[in-house]
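Me: Could you take me through one part of this structure slowly? I would like a close look at the place where the ligand sits and at what surrounds it.

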Amino acid sequence: MLKKGITVSNKKGVHFIVEDGGSLLKFKPWLGDAFSFLYDFIMEKSIFPQKFGGDMNRHYEILGKELLGVHEKRVLELATGSGSAVNFLPNDNHYTGTDISPGLLRKAVKNFRTAGFKDAEFYVTSADDLPFDDDSFDLVLCILSLNFFNDIHRFLQEVKRVAVPTALLICSVPVPERNKVHSTIRGTLYSEEEFRKICEGHGLTYETIPSENGALLYFIATAQR
Ligand SMILES: C[S@@+](CC[C@H](N)C(=O)[O-])C[C@H]1O[C@@H](n2cnc3c(N)ncnc32)[C@H](O)[C@@H]1O
């Protein structure tokens with residue numbers, strides 16, 4: 001599953017890429033990194049109700065409904081965070097989680113173990129430069145994170161490369177036109193129409209998942225090559 005020539009070193013259940021010279025690939029700490037231990041609390045008590053004007057359980061319900069029939073697939077998540085996917089992804093899938101934050105991934109390791117996933121792996125890597133081989137995954141998830149990526153085009157190119165041609169990409173992301181509480185949401189925000197155009201520009205089909213949850217848009221893009 002790893003690209004030829006990639007070597008990793010496992011520390012407390014999290015894989016780090018070993019660079020030429022032997023050092024481990026690390027990233028500028030994300031804003032949540034220092035608060036890893038508080039991350040879930042902040043998401044539930046502040047980000048969902050105050051920033052998104054939405055509800056965390058509703059979020060899990062919407063995604064859970066989409067993923068209900070997904071079993072024994074090779075699932076890649078870009079920006080795993082502390083592992084919230086355990087709340088909506090069936091635990092018989094083969095899960096690969098990635099994030100630039102080792103602190104959050106260490107929480108994810110525990111959450112996936114507790115949720116009964118038998119096959120789950122975690123890599124410190126950026127969503128726009130993945131260490132995985134072509135055609136390695138059947139489904140890709142990117143939840144509440146697209147706004148933090150520096151280069152959405154590079155991200156989509158990587159998704160298309162590492163996913164099989166029939167794979168689905170399922171995303172959840174805040175969009176300005178749904179932000180009825182007019183909060184300040186960090187990162188680069190695109191509208192639903194812009195996401196449609198960006199996906200179609202990469203040869204992906206775009207479909208909105210009908211749902212209401214504050215500022216959050218849910219959509220599916222299908223990789224077709
Ligand atoms: C709001 S959190 C969402 C995490 C998780 N998906 C969830 O729903 O709780 C955003 C995540 O994006 C990660 N992130 C930011 N930039 C990234 C990048 N370039 N590549 C991979 N992950 C990134 C952060 O470390 C953080 O875990």
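**The pocket and its ligand**

Reply: Let's start with the walls. Helix 1 contributes eight residues to the lining of the largest pocket, and no other element gives as many. Keep in mind as you look that this is a predicted model. The largest pocket has a volume of about 1200 Å³. Its lining is made up of 48 residues, and those closest to the centre of the pocket are Trp30, Tyr39, Leu144, Ser145 and Phe148. Several elements give two or more residues to this lining: helix 1 (39-52), helix 2 (56-67), strand 3 (74-78), strand 4 (94-99) and helix 3 (102-114). If you sort the lining residues by character, you get 25 nonpolar, 16 polar and seven charged.

Now for the ligand, since the space it takes is this largest pocket. Around the ligand you will find 19 residues, and the closest are Tyr39, Ala79, Asp99, Ala127 and Ile143. Tyr39 may look familiar, as it is also among the residues closest to the centre of the pocket. The shell around the ligand can be sorted in the same way as the lining: ten of its residues are nonpolar, seven are polar and two are charged.

Next, zoom in on single atoms. Asp99 places a polar side-chain atom 2.5 Å from an oxygen atom of the ligand. With Ala127, the backbone takes part: one of its polar backbone atoms is 2.9 Å from a nitrogen atom of the ligand. Ile143 likewise has a polar backbone atom 2.8 Å from a nitrogen atom of the ligand.

Finally, step back to the whole ligand. Taken alone, the ligand exposes 590 Å², and the protein buries 95% of that. Happy exploring!

Methods
Residues numbered from 1 in each chain as written. Predicted model: local features only at pLDDT ≥ 70, side-chain atom pairs only at ≥ 80, totals over all residues. Heavy atoms only, no water. Near = heavy atom within 4 Å. Polar contact = N/O pair within 3.5 Å; in protein donor to acceptor, adjacent residues only side chain to side chain. Areas by Shrake-Rupley, 256 points an atom, 1.4 Å probe, with all protein chains shown as cover. 1 Å grid on protein atoms, 1.4 Å probe; cavity = no way out; pocket = protein on both sides within 12 Å on 5 of 7 lines; lining within 4 Å. Sits in = over half its atoms within 2 Å of the grid points. Nonpolar A, V, L, I, M, F, W, Y, C, P; charged D, E, K, R; others polar. Points joined across faces, edges and corners; volume = space filled by probe spheres on them. Helix = DSSP H or I, 4+ residues; strand = E, 2+ residues; numbered from the N terminus.
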